[in-house]
Amino acid sequence: MVAMAAKPIDNPGRSALLKPVERLTQAEMMDMINHAQGDYRGHRSGDPLKYHTYEKVQDWHVAMYGDGPQGNDGGKPVEPTPIRPIPDQPLPHATPQGEDLWQATARIGAKVADAAGADGYAEAVKGLQRGLNLLNQAHPLPDRSPAYGPYTALGPVDEDGAYGPQTDFALKHAAARLGPHKVEDGLALGRFNAFARDVRRSGNAEALEEKTHAIFGPLLRKDDSGPKVEAGVLQETLNGFGQNLKVDDWIGPKTTAAFRTVLQDQDPDELTRAFGRGLGLL
């Protein structure tokens, strides 16, 4: 899994999807067209990623040539002129923060492997998959040129606990679009969501304090000496669902009981989203 997360995407058309259109050469744009035309057949012909690929080709043309009407010279169409320099050599893949994309995704893969040490391999991968779905729901594709319709929504990642090509591409796409730190936030929320779902099934929330600090502590502080703000935010979140907890940054018996009570009626996904917004992770 870690090796796969660190490896560049082999398919040139799919690899081009991981770059902003302003950084794409004309040859990379053609790779996307060829990918959309040749790599989706049969049951995959309706894959949302196929339509997203065509949409990115349209975005490339808007970025390079604008979206104004085509000019005419005596009724004859005029060849459009680029409004910006078109890269003539492929540029490296990078995150929005400028980090090498493959180094960033390798680091995320290592964090999933660390989570597998605590949760088990399949549960850690499910946490990543759920986290990616939560991120894509919270951060839909932006508005695009009015010359075209809205983007096709990205399809959900299968939450099957297997790190295969679909999950690998979804991780790299999210890291390229939102940044690696946001994907790490999603992994944490996905792991917490898995715990919340288990509590709803079993009614046993005794591990709430341990799980909450183990999952979110490394994201929020460098060591264990700082305030455990995730506990206070969780208490505030539970109060938003009708509980009346004192916000004291301590997950004790009352917070644990309130967590279990809320999950008797509330969807674990909605509770996770509310907690993630409170933490500033969504």
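# Crossing helices and two pockets

Helices H5 and H6 lie oblique to each other, because their axes cross at roughly 130 degrees and that value falls in none of the ranges that count as roughly parallel, roughly antiparallel or roughly perpendicular. What you're looking at is a predicted model. The protein chain has 12 helices and two strands, and the C-alpha trace spans about 80 × 40 × 35 Å along its principal axes. Here's a quick tour: the overall layout, then three helix pairs, then two pockets.

**The overall layout**

- Reading from the N terminus, the chain goes α-α-α-α-β-β-α-α-α-α-α-α-α-α.
- So the two strands come after four helices and are followed by eight more, if you follow the order of elements as DSSP runs.

**H5 and H6**

- H5 covers residues 101-119, and H6 covers residues 121-138.
- The axes of H5 and H6 come within 7 Å, and the crossing of the pair is right-handed.
- On the H5 side, the touching residues are Val112, Ala115, Ala116 and Asp119, while H6 brings in Tyr121, Glu123, Ala124, Val125 and Leu128.
- Sorted by class, this contact holds seven nonpolar residues, no polar ones and two charged ones.

**H6 and H8**

- H6 also packs against H8, which takes in residues 180-202.
- Their axes sit 6 Å apart, at an angle of about 115 degrees.
- H6 and H8 therefore count as roughly perpendicular to each other, since that label covers 65 to 115 degrees.
- The way H6 passes H8 is a right-handed crossing.
- H6 makes the contact through Glu123, Ala124, Gly127, Leu128, Arg130, Gly131, Leu132, Leu134 and Leu135.
- From H8 come Lys182, Val183, Gly186, Leu187, Leu189, Gly190, Arg191, Asn193, Ala194 and Arg197.
- The mix of classes in the contact of H6 with H8 is nine nonpolar, five polar and five charged residues.
- Glu123, Ala124 and Leu128 of H6 turn up in the contact with H8 and also in the contact with H5.

**H9 and H10**

- Further along, H9 (residues 208-220) and H10 (residues 229-239) have axes that come within 9 Å and cross at roughly 120 degrees.
- That makes H9 and H10 oblique to each other, and their crossing is right-handed.
- H9 offers Leu208, Thr212, His213, Phe216, Gly217 and Leu220, and these meet Val229, Glu230, Ala231 and Leu234 of H10.
- The contact of H9 with H10 has six nonpolar residues, three polar and one charged.

**The largest pocket**

- This pocket has a volume of about 410 Å³.
- It is lined by 17 residues, and Pro20, Lys56, Pro142, Tyr151 and Arg177 are the closest to its centre.
- Helix H4 (48-65) and helix H7 (165-178) each give at least two residues to its lining.
- Eight of the lining residues are nonpolar, two are polar and seven are charged.

**The second largest pocket**

- The second largest pocket holds about 340 Å³ of space.
- Its lining is made of 17 residues, with Asp47, Leu49, Gly155, Gln166 and Phe169 nearest its centre.
- H4 and H7 are the elements that supply two or more residues to this lining.
- H7 has the largest share of the lining, with six residues.
- By class, the lining of the second largest pocket comes to nine nonpolar, four polar and four charged residues.
- H4 and H7 therefore appear in the linings of both pockets, as elements taken from DSSP runs.

Terms used
Residues numbered from 1 in each chain as written. Predicted model: local features only at pLDDT ≥ 70, side-chain atom pairs only at ≥ 80, totals over all residues. Heavy atoms only, no water. 1 Å grid on protein atoms, 1.4 Å probe; cavity = no way out; pocket = protein on both sides within 12 Å on 5 of 7 lines; lining within 4 Å. Points joined across faces, edges and corners; volume = space filled by probe spheres on them. Nonpolar A, V, L, I, M, F, W, Y, C, P; charged D, E, K, R; others polar. Axes fitted to C-alpha atoms, helices over the stretch in contact; angles between N-to-C directions. Parallel < 35°, antiparallel > 145°, perpendicular 65-115°, else oblique. Left-handed = near helix turned anticlockwise from the far one by under 90°. Contact = heavy atoms within 4.5 Å.
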